[in-house]
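Thank you all for coming; I would like to take a few minutes to walk through one model with you. Please have the sequence and the structure open as I speak.

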Amino acid sequence: MLKRNPFRFLIALATMVTLMIAPAHARVEININKGNVEPLPIAVTDFLQGELGQKISDVVAADLKRSGLFAPIAKTAFIEKITNPDAAPRFEDWKVINAQALVTGRVTQEGDGRLKAEFRLWDSFAGQQMAGQQFFTQPENWRRVAHIIADAIYEQITGEKGYFDTRIVYVAESGPKTARKRQLAIMDQDGANARGITNSNDIVLTPRFSPNKQEITYMSFEGNEPRVYLLQLETGQREVVGNFPGMTFAPRFSPDGQRVIMSLQQDGNANIYTMDLRSRTTTRLTSTAAIDTSPSYSPDGGQIVFESDRGGRQQLYVMSASGGEQNRISFGDGSYSTPVWSPRGDLIAFTKQSGGKFSIGVMKPDGSGERILTTGFHNEGPTWAPNGRVLMFFRQNSGAGGPQLYSIDLTGYNEQLVQTKGFASDPAWSPLLE
Amino acid sequence: MSRIHAQAAGRMQSIARNPIMIALFASLALAACAKKPMNSAGDLGLGANAATPGSTQDFTVNVGDRIFFDTDSTSIRADAQATLDRQAQWLAKYPNYAITVEGHADERGTREYNLALGARRAASTKEYLSSRGIPASKIKTISYGKEKPVAVCDDISCWSQNRRAVTVLGGAGM
């Protein structure tokens with residue numbers, strides 16, 4: 001089981017210091033609401049000194065590039081070599097290569113062994129500094145520092161929180177399709193630092209992060225009894241959620257982390273239940289002779305979206321978090337499943353099956369404004385980045401291969417393969433790490 | 001919730017896992033790649049007489065351990081009824097067996113829904129067997145959704161083999 005705590009990131013952080021005063025009016029900005037944004041040319045220079053500084057700047061540039069909102073400029077095009085990251089750069093040299101924004105930085109080792117990482121973000125055309133911060137961490141956490149810096153740059157320029165300092169829990173799959181081994185695994189959002197967190201021959205599916213604890217909920221077939229479990233990432237401690245008389249599946253946490261919502265299968269029907277993790281009491285929310293599953297809370301905890309085939313095919317329904325009236329919101333051609341409410345509250349992502357294809361799309365919580373972001377042989381199971389701007393999902397091509405993870409932003413233009421060692425499915429994005 | 005707890009006790013697992021059964025199932029899974037239904041003896045390369053009457057092999061080879069479903073459907077087709085009728089007769093003849101019905105779905109659906117769909121198929125199979133005189137108390141069900149396909153290919157003929165309910169023998173009399 002767990003060897004060490006993946007969240008023990010202790011960027012001994014807290015010591016996040018603004019180095020200089022941000023200017024009143026920076027000119028460099030990206031409006032991510034505009035759709036298919038032209039990526040902003042940015043120069044991410046090697047942090048001083050040496051190899052580690054270079055590696056940090058590479059991770060920062062890779063994060064920004066994958067977001068689709070930035071176009072990092074090749075280092076070979078740089079004219080000025082930064083030798084003092086505290087001093088103002090020669091802005092003319094950066095304007096010439098159209099670097100609208102410029103990142104400089106430095107990493108040094110503190111007397112106590114900690115790493116100190118500093119960066120400054122410059123607006124080349126305005127000729128001023130936009131941001132400057134420093135962080136302290138253990139040397140093995142250098143990638144986290146790079147992600148935090150990328151988040152700071154993203155936030156400064158887009159005006160929205162970033163999502164780079166996050167993790168993904170997923171199902172790592174290996175072996176042939178008819179004898180597939182599945183284990184839960186966790187990795188950084190860019191695919192680095194991947195490691196398994198379960199290792200048994202039992203099928204494990206649909207891991208989901210707690211919004212505020214180092215905990216996941218998932219489904220396991222342990223003992224040939226398919227049930228929902230909780231797993232403490234720090235200790236490896238596991239427990240069954242509730243004592244239900246049948247298969248429980250499709251779990252998710254409530255936004256306050258106090259409840260798990262899931263489906264209970266009884267004979268041919270699945271209905272939605274919640275369990276309060278403190279009192280251990282269970283509450284039944286739906287009662288239909290149908291398959292009601294994949295429940296997901298709105299971020300304010302007031303509503304629940306789920307899928308049901310009560311009308312024949314799978315469609316999306318919304319109800320109050322306390323149950324009661326259930327209103328269908330999906331009316332397009334095809335069937336809709338795996339709804340997930342955006343952390344911003346403005347959209348619901350889903351899997352859509354239509355015309356023999358599987359698509360990932362979004363719609364407003366009232367069902368209007370449906371947009372398909374990607375479509376193909378089989379795309380399934382979206383999960384939201386914590387800023388509600390990017391989705392991750394899994395894609396299975398036809399034939400004997402296995403699924404892989406992809407991310408796509410809300411414009412639908414920026415689709416990226418997320419590198420994993422083997423096959424991977426059921427991604428779930430963590431909140432921003434603290 | 002008290003009703004639910006009572007049911008849970010009644011559904012305690014009544015079969016022991018049996019390595020022979022598992023080995024046989026694995027060989028069936030391989031045979032399935034040949035893209036043919038595997039109810040007949042020929043698929044296993046075994047003569048019908050090779051199986052000892054009343055054995056797991058007898059059940060699998062001579063009776064047929066699985067039925068197939070139409071897309072998104074849980075109704076028992078006519079050909080499936082014939083198979084289940086044979087299963088019920090055989091199980092009546094060898095009443096020491098408890099059974100587990102495993103429900104499966106093809107890959108053309110989402111994971112969570114397919115878990116429920118497989119469960120629904122297992123439930124309708126259980127109901128049918130029960131209507132043919134097999135005590136419901138001796139039938140456990142489990143769904144594997146789309147997670148355990150026996151056939152791998154890109155077309156409908158293959159998906160149709162994966163939409164199945166498999167009756168697995170367990171318990172006393174093995």
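Let me begin with helix α3 of chain A, residues 142–158, where a simple check on geometry is possible: at 1.5 Å a residue, its 17 residues should span 24 Å, and since the end C-alpha atoms are 24 Å apart, the expectation and the model agree. I should say at once that this is a predicted model. As for its surroundings, α3(A) is mostly covered, with 13 of its 17 residues buried, and the residue that follows α3(A) is A:G159, whose phi is positive, near 80°.

Staying in chain A, I turn to an open sheet of 4 strands, which has the order β10-β11-β12-β13 with antiparallel pairing. Because β10 (204–209) and β13 (238–240) of chain A stand at the edges and each has a single partner strand, one side of each is left without a neighbour in the sheet. On average, and with direction ignored, neighbouring strands of this sheet are turned by 25° against each other. The partner of β10(A) is β11(A), residues 215–220, and the two pair in the antiparallel sense over 4 bridges; within β11(A), A:M219 is the bridge partner of A:L205.

Finally, the interface: how many residues of chain B are in contact with chain A? There are 26, and they meet 33 residues of chain A. On the chain B side, α1 (2–10), α5 (111–131) and β3 (139–145) each supply at least two residues, with the largest share, 9 residues, coming from α5(B). By class, that side of chain B has 13 nonpolar, 7 polar and 6 charged residues.

Technical notes
Residues are numbered from 1 along each chain as its sequence is written. Chains are lettered from A and ligands numbered from 1 in the order in which they are written. This is a predicted model: local features need pLDDT of at least 70, side-chain atom pairs count only at pLDDT 80 or more; totals for chains, interfaces and linings use all residues. Two strands pair if DSSP finds at least two bridges between them. Axes are lines fitted to C-alpha atoms, for helices over the stretch in contact, and angles run from 0 to 180 degrees between N-to-C directions. The expected span of a helix is 1.5 Å times one less than its number of residues. A residue is buried if 20 or more other C-beta atoms lie within 10 Å of its own, exposed if 12 or fewer, and partly exposed in between; C-beta atoms are placed from the backbone. Two residues are in contact if their C-beta atoms, placed from the backbone, lie within 7 Å. Ala, Val, Leu, Ile, Met, Phe, Trp, Tyr, Cys and Pro count as nonpolar, Asp, Glu, Lys and Arg as charged, and the others, Gly among them, as polar.
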